[in-house]
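Hello,

Here is the structure we talked about. Please open it and follow along with the notes below.

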Amino acid sequence: MGEGKVGLSSLKGRHFVDALDLSQAEYDLLFSLAEDIMESPQDYAHCCSGKILATIFYEPSTRTRLSFEAAMLRLGGRVITVADAATSSVAKGESLADTIRTVAGYADLIVLRHPKEGAAKLAAMYSPVPLINGGDGAREHPTQTLTDLFTIKRYKGRLEGLTVAFCGDLRYGRTVHSLIRALALREGIRFILISPAELRLPRAIVEEILETNPGLGLVETEDLEVGLSEADVLYMTRIQKERFFNEEDYIRLRDSYILTRRKLEGAKENLLVMHPLPRVTEITHDVDEDPRAIYFQQARNGMFVRMALIASLLGVV
Ligand code: NCD
């Protein structure tokens, strides 16, 4: 297959637990492969034949699990799944390490979503087959980052020199944590972080990104309008209800930001409005009609870039 894929063999057999497990060059190679898959799906329709993907999801999911499963099916592979901890032996008290060692005996690749931070890292230590983190508590969600970067690249043509505003729950939003850490490495990036004081980006992440990229522009504000006028990309997020310790705090904060068609009037013509989804109240439905709203395309892109990831980790491209 084409020249663009030279170098992807470095991914064979690896885990993908943290957004920084891939180099910038590896991300870029995966994006070219995903584009090739989008353009010529028939060339890849059988490349995973005989392979099995296991999806183990101990937290709710629509997009991550189904896009992985659709990705594997479109590559000609097959899928086995645990979509609910209550129906698996976790309910009997089995440890994650034992579950992973068992499932790795059945499957060639595992995607795990788990409520505990660090669960994917632990699972990877016990997995003889590539393990992909499908979200571990509030920590990381690296394949959403793959999806998000691929989407920005497709619509903007680049990942450098952009002003990216993140809005909502920056404290608990794992998609934000992964994406910020990966984007911070790109040149000329500026972040506008919009959140209520209680839901600011964790200080450890702020320190880390400023250390890895001392030239990084970073502004924190509580005002959505400030970010809206300057942003090239606006990344909206859901307030992460399931991570709150008490319901009152959630109710008080849940409607902190609501993006409407009217608010978009002050934004750039070529802004990208992104959201990892699911959306609750933070984007009104009238925004969906605005050509700048690309969150459903973003979700679809996720399937193609996951096809590229699966094929690369299995070493079949
Ligand atoms: C996100 C997640 O699970 O972290 N969803 C997704 O995978 N697209 C975002 C969210 O739940 O808010």
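A term to start with: pLDDT is the predictor's confidence in each residue, from 0 to 100. You need it here because this is a predicted model. The mean pLDDT of the chain is 95. Of its residues, 98% reach 70 or more. Residues 1-5 are below 50. That stretch has 8 contacts in the model beyond near neighbours in sequence. Where pLDDT is low, the predicted coordinates should not be read in detail.

Now the open spaces.

Largest pocket: its volume is about 400 Å³. The lining has 21 residues, and R113, R174, R238, L277 and P278 lie nearest the centre. Helices α2 and α6 (174-183) each give two or more residues to this lining. By class, the lining holds 10 polar, 7 charged and 4 nonpolar residues. Domain 1 (3-140 + 302-313) and domain 2 (142-299) each supply at least three of them.

Second largest pocket: this one holds about 200 Å³. It is lined by 15 residues, with V82, S88, T99, V103 and Y106 closest to its centre. Strands β1 (52-57) and β2 (78-82) and helix α3 (96-103) each give two or more. Here the split is 8 nonpolar, 6 polar and 1 charged.

Cavities: there are 3 of 30 Å³ or more. The largest has about 70 Å³ of space. Which helix gives the largest share of its lining? That is α10, with 5 residues. The lining counts 7 polar, 3 nonpolar and 2 charged residues. R63, H275 and Y295 are among them. Both domain 1 and domain 2 contribute at least three residues.

Best wishes

Notes. Residues are numbered from 1 along each chain as its sequence is written. This is a predicted model: local features need pLDDT of at least 70, side-chain atom pairs count only at pLDDT 80 or more; totals for chains, interfaces and linings use all residues. Side-chain values use heavy atoms; hydrogens and water are left out. Contact means heavy atoms within 4.5 Å. On a 1 Å grid over the protein atoms alone, a cavity is a set of points where a 1.4 Å probe fits but cannot get out, and a pocket is an open set with protein on both sides within 12 Å along at least five of seven lines; lining residues have an atom within 4 Å of a point. Grid points are joined across faces, edges and corners, and a volume is the space filled by probe spheres set on the points. Helices (H or I, at least four residues) and strands (E, at least two) are DSSP runs, numbered from the N terminus. Ala, Val, Leu, Ile, Met, Phe, Trp, Tyr, Cys and Pro count as nonpolar, Asp, Glu, Lys and Arg as charged, and the others, Gly among them, as polar. Domain bounds come from an automatic or database domain assignment.
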